[in-house]
Amino acid sequence: MTKSVVDETSVKIEENVEPMSAPVAKKCSECQAEFGCGVAPAIEQGGCWCQDLPAIMPLGTLSDCLCKACLAKVIGVEINKQLDAAGSPKARFALAEPYRHQTELVENIDFTIEDGRYVFSEWYHLKRARCCGNDCRHCAYK
């Protein structure tokens with residue numbers, strides 16, 4: 001019995017796979033803070049920390065990696081632009097719907113802190129998909 005072409009291809013691919021490495025030390029292109037980029041080891045661990053943030057920006061928008069705080073700020077600005085462009089409440093809800101499973105709150109995306117108080121964003125309220133009844137500043141249900 002002979003080996004199939006698929007088996008031979010699999011063997012060649014496996015031979016060329018490099019072992020996964022530890023997170024790569026990077027410097028944020030915005031604030032110059034050092035952080036660990038986990039893209040390389042993310043494949044076997046289920047994903048890098050940046051994949052927990054909303055994938056709402058087109059690829060190639062940034063020149064290089066950003067730390068979590070700076071990336072969250074950039075994504076927050078982009079989310080607001082897209083919400084403004086969406087217009088109707090129905091379109092705004094549709095934009096946030098794919099991210100409702102993301103329950104970890106991220107500063108500058110889901111909330112900001114003003115005078116020591118959490119101020120939830122419209123994005124947070126849209127992801128939440130219901131009104132809390134607290135007359136929030138950015139309530140999407142007014």
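## Exercises on a predicted chain

Of the chain's 142 residues, 28% count as buried (under 20% relative accessible area with a 1.4 Å probe, protein chains only). The model is predicted, so local features need pLDDT of at least 70 and side-chain atom pairs count only at pLDDT 80 or more, while totals for chains, interfaces and linings use all residues. Residues are numbered from 1 along each chain as its sequence is written, and side-chain values use heavy atoms, with hydrogens and water left out.

**Exercise 1.** State the pattern of helices and strands along the chain.

*Solution.* Step 1: take the DSSP runs, where helices are H or I with at least four residues and strands are E with at least two, numbered from the N terminus. Step 2: the chain has five helices and four strands. Step 3: along the sequence they read α-β-β-α-α-α-β-β-α.

**Exercise 2.** Describe how β1 and β2 are arranged.

*Solution.* Step 1: strands pair if DSSP finds at least two bridges between them; β1 (residues 24-27) and β2 are joined by four and run antiparallel. Step 2: Val24 has Cys37 in β2 as its bridge partner. Step 3: six residues lie between the strands of this hairpin, and Gln32 in the turn has a positive phi of about 70 degrees.

**Exercise 3.** Which side chains of β2 (residues 34-37) are buried, and which are not?

*Solution.* Step 1: the side chains alternate along the strand. Step 2: Phe35 and Cys37 point to one face and are buried. Step 3: Glu34 and Gly36 point to the other face and are not buried.

Note on methods
Buried means under 20% relative accessible area, exposed over 50%, partly exposed in between (1.4 Å probe, protein chains only).
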